[in-house]
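Good morning, and thank you for making time for this. I would ask you to keep the structure in view while I speak.

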Amino acid sequence: MLKSLALLYKGRHIPVGRLKFKNTLTKGWKQKSPEILLPPFIPIHELRIMLRLDYDTCFKACNVAIGDKNYYWKDKEGRQFQSNSKRGVILPFELAAYASSSFGYKPIMVNPEPTWQDFQTKNSVPVGVLVGHANHGKSTLFDALAGTKYSKIEPITQNMRSIYINDKITLIDTPGHELFEILRGRCIHLADFALVIVSLECGGEIQTRDVIIQADRFKVPIIFVLTKSDLPHIDPELTIAELRNQLLNMYHEGIISRDYTNEVNKAISVSSITGDNVDRLYITIFDRLKNCNIPFNPIKPMSLGGEDVKKYHSFIRKSDALVGANATPASVGLIVDMEKRHDRGVLLSVVVRHGVMVKGNHFVAGTAFGRIKRIYLDGQEVQSASVGQCVQIHGLKPYGNATTDDLIMTLPIHSAFRLSQYRINISLLKEAQKSGRPIDIPFGIDNITTHEVHQLEMITSLSEINMEDTDKSGIGDNDDGDKGSILLEPKSKIDEEIDTGSDLPSSENKTASAGKGRKSRFLKRDWIGNNFQENLDTNDDSNGYDYENDRHYANELHEPEKISISNRYVLERWDTRIQQREIEQQRQTINKRTLLVEAEQLRRRVLGEPQLTSDEIERFISADIVDSSVKAHTSVVSFDKKLVVSVIMRTSFVGSLDMLLDGFEKIENEFGVRIPLVHGGIGPIGPTDVIHAEIENRLSRNVPIYAFQVPILADAVKHAILNKVTIIKFDLFSDLLDHLRDRCRKEISKAESRNKRDWY
């Protein structure tokens with residue numbers, strides 16, 4: 001009996017199992033009124049239970065086509081979707097409403113996202129962020145204000161630092177290098193005030209201008225601080241005059257929205273070494289914040305569309321995602337960064353903006369669900385965190401994924417789990433999308449750290465396209481714009497969907513394809529759910545090695561065989577789709593030229609000119625069609641003929657990964673090469689990283705593994721020695737980028753010396 005109940009429940013650690021899920025939906029059958037509450041998106045297996053239909057009837061009612069063991073459907077905006085699993089069919093509201101109306105129901109779209117009012121907490125503390133150009137004294141001033149010695153331990157700031165001072169204020173120190181622009185902008189947006197640091201030795205520089213623009217954009221109060229006042233031959237008045245003139249020019253040019261002359265005139269000169277005017281800076285900060293509400297930029301509730309669920313609390317015929325959706329979050333914060341440590345696991349760096357986070361609370365962040373097991377404040381474990389505190393939270397569960405810029409909300413356990421499952425369904429819908437404008441959602445399925453193909457902006461020409469992730473084994477799992485995308489062809493040259501054959505997860509067999517950033521709740525994650533990888537070119541003729549037939553190799557290393565087979569399958573699909581596109585292009589070209597011939601014949605007939613001969617018509621219609629199709633094929637496959645310098649890398653923080661990916665992009669532009677991140681993420685170097693490096697080495701690419709501020713596991717060292725894989729550890733990001741530049745120079749030199757490039 002107990003065993004059968006467990007099977008019905010489908011998992012000990014899932015708060016809402018299938019039995020409870022079904023009972024919730026069947027309970028709505030008792031409602032006598034015709035209203036049915038639906039979210040903006042709903043799985044078809046849930047809708048059919050609510051409508052008491054079988055799958056076939058529900059498919060027909062929702063206009064879902066079935067063919068070639070796939071399911072196809074569209075929304076009102078012309079987006080096209082495809083799934084190979086019926087449980088992967090996620091319907092937009094208009095389709096579900098049409099089906100519901102057909103059976104006599106009155107559909108109402110309701111927002112499943114929790115809402116809250118702006119509320120104040122007694123223990124709220126202001127958050128200040130130190131920003132400015134590199135080497136202007138930010139970290140030294142941070143140490144002077146906080147009484148720490150970070151600047152002596154780490155001379156170059158490469159990550160965000162925070163400290164809670166005397167229960168009165170939270171200070172965040174940020175890196176000053178230009179590559180950390182995303183991290184600085186995120187911290188400024190969260191701050192209640194910004195300390196713009198300007199060195200009296202150098203004056204305002206490029207990053208000074210950028211941080212002022214960011215602070216102005218988010219309407220954050222600015223306090224100008226002039227550092228290094230202990231140096232000889234400095235003139236604070238001259239620095240203030242220059243800064244005032246620069247800001248006036250920016251204001252007149254429309255770069256910033258207001259005149260900061262008053263703030264510049266009140267700039268404070270301090271010496272972090274001698275402590276001169278540091279106390280005065282404290283007083284100035286609290287004087288400026290007297291009339292400000294904390295938090296200065298409160299976090300607003302999300303909305304996917306629909307009415308407030310609280311208006312319809314009495315109805316019981318509603319989607320499972322709407323059950324408990326009227327719960328108000330006990331606290332709300334924003335994930336600033338993420339870290340993976342071998343001793344503590346995954347840690348979310350969170351700035352609390354509403355309420356109080358308490359140890360033991362359940363939370364939802366992005367599509368992830370979890371329970372707060374530990375809270376760390378300045379390295380010490382605490383029981384709770386209030387508004388303004390920057391803490392590290394441990395307790396992320398393997399259901400969904402979270403990333404930076406995601407809101408983290410503490411909710412009752414069932415409400416949090418249902419919301420995470422609903423968001424996972426939306427992520428599956430985005431993976432199933434084949435064409436049309438991307439679905440606009442308020443939470444970060446598309447991570448800022450992502451590097452992925454189907455995150456490319458979908459465009460419209462002859463048809464709209466969506467280049468999506470292709471490798472079910474994990475290769476090609478990139479997530480940031482178009483840096484590591486499989487196809488880098490300019491958008492104007494691509495006129496048809498390139499289907500790479502990725503499949504949606506099926507909850508029936510509990511498998512999942514490697515999609516972007518967030519994946520199915522059944523998928524084990526290599527790092528926080530974001531496993532950055534790039535498709536490898538595994539052409540059999542390139543190295544003469546047959547992975548598929550070498551059974552000994554397959555038994556020893558299962559993952560390389562999967563990668564090789566999957567990539568060959570992807571290339572075959574590409575070739576098939578390219579051929580189909582060429583045929584379609586030829587057909588369209590012939591039709592257009594036929595219309596032109598008819599128009600020309602009509603013009604000549606009207607003007608009394610001689611008609612075109614059959615030979616002239618045939619030459620005109622068939623001219624250069626084959627040549628143009630060959631050129632189109634070459635332009636897609638050659639990837640602009642750029643030399644590839646692959647990278648395998650792991651970092652400690654997501655912010656560091658963002659910064660290095662931006663650095664890779666600059667190096668790509670500098671040398672005219674492609675630098676795909678074929679594998680990586682955050683956390684220590686493990687055996688899986690070595691396996692991927694070994695595969696690259698078999699392809700004669702000689703790819704080392706970059707370990708940026710992360711440890712190297714003993715198993716990885718042993719595996720690397722046996723397979724002759726190089727692991728290089730870096731503590732400074734500049735050293736890593738310099739090493740990558742040297743690799744680019746060597747690869748270009750090799751290509752030129754043999755008068756042949758290794759094209760991707």
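I shall begin with the chain as a whole, then take up the sheets, one strand, one residue and the cavities.

Please bear in mind throughout that this is a predicted model. The chain has 760 residues, and 55% of them are buried. Its secondary structure comprises 22 helices and 31 strands. As for contacts in the chain between residues at least 6 apart in sequence, 75% of them join residues at least 24 apart.

Let me turn to the sheets. One of them is an open sheet of three strands, in the order β1-β7-β14, and its pairing is parallel. At its edges stand β1, residues 35–38, and β14, residues 307–308, each of which pairs on one side only. Between β1 and β7, the latter covering residues 106–111, there are four bridges in the parallel sense. To find the register, look at L38, which stands opposite M109 in β7. Across β1 and β7 lies helix α5, residues 93–102, and its direction is at about 150° to that of β7.

Another open sheet has four strands, ordered β3-β4-β5-β24, and here the pairing is antiparallel. Which strands stand at its edges? They are β3, residues 65–67, and β24, residues 433–435; each has a single partner strand, so one side of each is left without a neighbour in the sheet. From one strand to the next, the twist averages 30°. Helix α13, residues 413–432, packs on this sheet and touches β4, β5 and β24, with its direction at about 35° to that of β24. Within the sheet, β3 and β4 run antiparallel and are joined by three bridges. I66 stands opposite Y71 in β4.

Staying with β4, I should like to consider Y72, which is found in that strand. Is Y72 buried, exposed or partly exposed? Its relative accessible area is 28%, and because buried means under 20% and exposed over 50%, Y72 counts as partly exposed. Leaving aside residues up to four places away in sequence, Y72 touches N63, V64, A65, G67, F81 and Q82. V89 is 17 residues from Y72 along the chain, and their C-alpha atoms are separated by 8.4 Å.

Strand β11, residues 193–199, is my next subject. Seven of its seven residues are buried, so β11 is largely enclosed by the rest of the structure. F193, L195, I197 and S199 point one way from the strand, while A194, V196 and V198 point the other way. β11 pairs in the parallel sense with β8, residues 127–132, over five bridges, and G128 stands opposite F193 in that pairing. It also runs parallel to β12, residues 222–227, to which six bridges join it. There, V196 of β11 stands opposite F224 in β12.

Finally, the cavities. How many cavities of 30 Å³ or more are there? The count comes to five, and the largest cavity holds about 60 Å³ of space. Its lining consists of P112, P114, A321, G324, A325, A327, L411, S415 and L419. By class, seven of these lining residues are nonpolar, two are polar and none is charged.

That concludes my presentation, and I would welcome your questions.

Methods: Residues numbered from 1 in each chain as written. Predicted model: local features only at pLDDT ≥ 70, side-chain atom pairs only at ≥ 80, totals over all residues. Heavy atoms only, no water. Pairing = 2+ DSSP bridges. Helix = DSSP H or I, 4+ residues; strand = E, 2+ residues; numbered from the N terminus. Contact = heavy atoms within 4.5 Å. Axes fitted to C-alpha atoms, helices over the stretch in contact; angles between N-to-C directions. 1 Å grid on protein atoms, 1.4 Å probe; cavity = no way out; pocket = protein on both sides within 12 Å on 5 of 7 lines; lining within 4 Å. Points joined across faces, edges and corners; volume = space filled by probe spheres on them. Nonpolar A, V, L, I, M, F, W, Y, C, P; charged D, E, K, R; others polar. Buried < 20%, exposed > 50% of the residue type's maximum accessible area, 1.4 Å probe, protein only.
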